[in-house]
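Biologist: I should like to understand how the descriptions of this structure are justified. May we take them one at a time?

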Amino acid sequence: MAKLTAVKAVICYAYRVYFGLNPKPTQIPVHFSIQNILFLLVAVAGFGLFAWQARKIRANILVGRDRDMSGHVNERLWKTLLVAFGQQKMFKRLTPAFLHLIVYVGFIVINIEVIEIMVDGLFGTHRFLQFLGPLYSALTGTNEVLGALVVLAVVAFWWRRNASVVRRFTGPELRAWPKLDANVILYVEVILMAALFTMNAADLKLHQLEGKVLPGAFPVSSLLTGLFPDNLTALAVLERVGWWAHIVGILLFLNYLPSSKHFHIIMAFPNVFYSRLVPQGQFSNVESITHEVKAMMDPSYEVPAPATNPDGSALAPTPFGAKDVDDLAWTNLLSAYSCTECGRCTSVCPANLTGKLLSPRKIIMDTRDRVEEKYNSPLIFHPSLYGPEAKHNPQEQLDKENHTLLRGYVTPEELWACTTCNACVEACPVNINPLESIVEMRRFLVLEESAAPNSLNVMFSNIENNGAPWAFSPSDRFNWADDLFVTEKAPVTA
Amino acid sequence: MAEQTAKRPVSVPLMADLAARGESPEILFWVGCAGAFDDRYKRVTRAFVRILEHVGVSYAVLGMEESCTGDPAKRAGNEFLFQMQAMTNIATLNGYGIKKVVTACPHCFNTIKNEYPALGGEFEVIHHSTFLQQLINEGKVTAKGGESFKGRRITFHDSCYLGRANNIYEAPREVLEVLDADLLEMKRCKTNGLCCGAGGAQMWKDAEPGKKEINVERTEEALATLDGDADVLLNLQGVESTAPVLPAGSNRGGSVIAVACPFCMTMMADGVKNKERESDVQVFDLAELIASAEGLNA
C-alpha cells in the first residue's frame, strides 16, 4: 500500500514538473519596446536575405535540362512521407539513424517555439503561447528534453566525425570546406541549444526570485538555475541575451544553409518527391537517337521537327550526354543541393571500396560546386573555398575548354570505374541517383568524343559486326545445342 | 515407385522452324551472348534446356537470329549502338509474335523488360530464377532423384541487375531452398549485395587502378561466409553492422557459391581461382544446381 502511494506521488510529481506548476492561464505580459522594432528589422533582413539566396539556388537548378516530372502525385507523396518525413532509408544503419532522429525531431518540435519567439519579438508579448495552459507545459517540457538530447547527439556526431571512427567521413572530397562545414553545423546546433537553455534558466530563476511562477515546464533548465547569478538585473539581461542569441542564431543559420550540406533539411523533401519511380535498372532513353535509328531502319519514318525558339529560330543543338552541369536534368541539380555528404553511397561503392578513384559522393558535390562556379554562388560558400587538393587534375583546370563538370571536376577515370550496380542509389537516404549523372557523362565521352577506353571500343565493334560483345562468329551462336541429351525418367510399368 | 532412366537426345526447337509450321511456343528462351558463346555459361544454357525438356513446357530459341540486347553498349554510354541492337531484336521478336520471354541472364532480362518498351518491344519477361521458382511451386520440379546437396553449404551471390535493379531477391533463394542444403547469407546480401565487378560493361575492360579487384573482395566474403570465418567477415570494408553469428568449424567439403548471372559466374569463378580454393568451392548457376539435383544431366 505504501509502495502504491509512493508510486502515485512520483507520478504526480513528474506530472507537475512536466506540465507545469500552474496550469491556470494567466494574463500574458506585454511590454512593447525599441527591442521589438529592432527585432522586426532583424527578421525582415534575415528572411529577405534567405529569399534572395533561395532565388539564386532556384535559378541554378533550372539551368538543367528540362524533364517532365508531372503525374504520379500520390505515389510521390507517399514516398516523400516514407523516405523524407519517415527517414525510412536512414534506418539501414541503426546508430546514426537514432542520433539523427533525435536531431530531426528536435529541429521540428523546437521550431514550434520559434513561432512563439517571432510573435513575442514582434508584439512585445512574453511567452505568448502560455495561453495553451497544460499544452504549453507539454511543449516547453518536450523542448527542454529534446534540447538536451540534441546536445548529446551532437557530441556523438562530433566524435564519430572527428575521431576517425567512421571511414565514410574521410576521403579526398571531405577536406577543406566540406570538413569545416560539417563541424560548423554541429557547433551552431550546440550554440542554439545553449541559447535556449540560457533563456529558459534565466527566466525561470528571475521568476523564482520575484516570487512569481513562470508558465511552462522546464525539466532541464530547473537543474541549471544554480549556475546563474542571484542578481535580478543580470538575470534579466541573460534572459534577453539567450532570447536574442537563439533567434539571431536561427536567422544566421538559415542564411548559412545554402552554402552548406545542411541545406538538405529543406531540399531533401523536394528531392525525394521528384526521385525516380521506375526500376533502378532502367536507364533513360535518348529520344533524339530513337528518331535517328528509326529513320535509318525505315527510310519512310518521319523525324519530328526539332523544337524551336519562340521566334522560330533553331535552338542551339544539345549534345548527347553531359559535359557540363547544364547538360544534366534539373532533377540531378536539385539532388546536388540535397546531398548531405554522409558518404553512404561511397561507402558501399564496389569501385571505391577496392581503391579506385570513383566516389559517387564526390560526383554529386562536384555537380553543386560546378553549378555555383558557373552560375550563382550563395552568400558564404564560393567554389574557390573547396580546396584544390580535392581535385584530381589541377593542371587540366587551367585549360579553359575543358573546365567543365566533365574533366574539370570529374575525370573519365572515375566514370569508367563504375559498375552501374546501383548500390549508391540504394544507399542514399534522400534518393539521390549518382548513376544517372555518371551514365550521362559516359554518353558524352562515347557519343560526342569517341573517347571510350580502347577495350570498350573493341566490344562495341564486336556487337556491331558479330551481334555479340565477344569476337565470336554469329554462325556459331547455336553451337551450344549440339550433342545435348537429357535423362528421361519414367516409372517402371509392370 | 521404381524408375527407369534413359538418355534422350534433345533437338532444341528453333523459332523459325516453329513459325514455318504455324506453331507458336509458350515461351521464348532468350539464350544471351554469354549463354551461347561462353564455354562455362553454355553449360548453364544446356542445364536450363534440360529442365525445360523435363517439365515439357513448349519453348523455342531464336538460334542464329538472336543478337546482343545492347546492354553492355548502353551501360557504357553507347546509346546509338544500343538502340540499333534493341530495334533489330524487337523487330525479330515482334515478327514472330512473341509474348513471353525467359532468360538466364539478368542483363538481358533487365534490358528487354525495362528498356525495350520505350522502343516498341512490350513482352512479359521472366528471369530463370523466377521461372524455376514457379516450376518448383507447381510441383513440376522436386530436386529429387539426382545429386544430393543435403548438408552442403551454399551461399547465394545477388546479381545487381536482378536484385537492386529489379527487386528480385526471394526467387533465387526459394529455388535454393528446395535443395535442402545449408544456406548461408553473406553480410552484404540482398539490397546491400556487393557487385561482382563485371556490370556496367566492366566485363570487357581492365579495372581502373586500385588496391584490389572487386571480384576478389566479393569472393573473400563468400568464402569467409562458407567457412564461418568471423575474423575475415569483421574486417570486410563498407559494412558498419557487426558480423553475423555463424556456425563455427571448417566444413569445407564441396561448398557452393550460387549465382544467377553469367558475369557473376565468371567473376566469382575467377575469384575462387585467385584464392586457390577450386578444390573445395565450386560456383554454380541455379539452373545447374536444379538440373543436377533433379538428375537430368546426361
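Modeller: Certainly. Please bear in mind that this is a predicted model. We may begin with chain B, where helix α8 (residues 170-177) lies across β6 (153-156), β7 and β8, running at about 170 degrees to β6(B).

Biologist: What makes this direction roughly parallel or roughly antiparallel to β6(B)?

Modeller: Angles over 145 degrees count as roughly antiparallel. The angle of α8(B) to β6(B) is about 170 degrees, so the term is roughly antiparallel. Helix α9 (residues 214-227) of chain B lies across β6, β7, β8 and β9 of chain B, at about 145 degrees to β6(B).

Biologist: Which strands form the sheet that these helices cross, and in what order?

Modeller: The order is β7-β6-β8-β9 of chain B, in an open sheet of four strands with parallel pairing. Direction ignored, neighbouring strands of this sheet are turned by 30 degrees against each other on average.

Biologist: How do you know that β8(B) and β9(B) count as paired?

Modeller: A pair requires at least two bridges. Five bridges join β8 (residues 255-259) of chain B to β9(B), so the requirement is met. Within this pair, B:Ala258 stands opposite B:Phe284 of β9(B).

Biologist: There is another sheet in chain B, with the order β3-β2-β4-β5. Why are β3 (59-60) and β5 (124-127) of chain B said to stand at its edges?

Modeller: Each of them has a single partner strand, so one side of each is left without a neighbour in the sheet. This sheet is also open, has four strands and shows parallel pairing.

Biologist: How do you know that β2(B) and β3(B) are paired?

Modeller: Two bridges join β2 (residues 27-30) of chain B to β3(B), and at least two are needed, so they count as a pair. The bridge partner of B:Leu28 in β3(B) is B:Ala60.

Biologist: What makes the directions of α6(B) and α7(B) against β5(B) roughly antiparallel or roughly perpendicular?

Modeller: Helix α6 (residues 106-115) of chain B runs at about 160 degrees to β5(B); this is over 145, so α6(B) is roughly antiparallel to β5(B). Helix α7 (residues 128-137) of chain B runs at about 80 degrees to β5(B); this falls within 65 to 115, so α7(B) is roughly perpendicular to β5(B).

Biologist: Turning to chain A, why are α9(A) and α11(A) called roughly parallel or roughly antiparallel?

Modeller: The axes of α9 (residues 264-273) and α11 (residues 330-338) of chain A come within 8 Å and cross at roughly 150 degrees. Since the limit is 145 degrees, these helices are therefore roughly antiparallel. Their contact includes A:Met267 and A:Pro270 of α9(A), and A:Leu334 and A:Tyr337 of α11(A). By class, it has five nonpolar, four polar and no charged residues.

Biologist: Where do the two domains of chain A lie, and how many of their residues are in contact?

Modeller: Domain 1 covers 34-264 and domain 2 covers 320-466, according to the domain assignment. Their contact involves 35 residues of domain 1 and 40 residues of domain 2 of chain A. Helix α2(A) gives the most to the domain 1 side, with six residues.

Biologist: How many residues does each chain bring to the contact between chains A and B?

Modeller: Chain A brings 66 residues and chain B brings 77. On the side of chain A, β2(A) gives the most, with seven residues. That side has 40 nonpolar, 16 polar and ten charged residues.

Key
Residues numbered from 1 in each chain as written. Chains lettered and ligands numbered in written order. Predicted model: local features only at pLDDT ≥ 70, side-chain atom pairs only at ≥ 80, totals over all residues. Axes fitted to C-alpha atoms, helices over the stretch in contact; angles between N-to-C directions. Contact = placed C-beta atoms within 7 Å. Nonpolar A, V, L, I, M, F, W, Y, C, P; charged D, E, K, R; others polar. Domains from an automatic or database assignment. Parallel < 35°, antiparallel > 145°, perpendicular 65-115°, else oblique.
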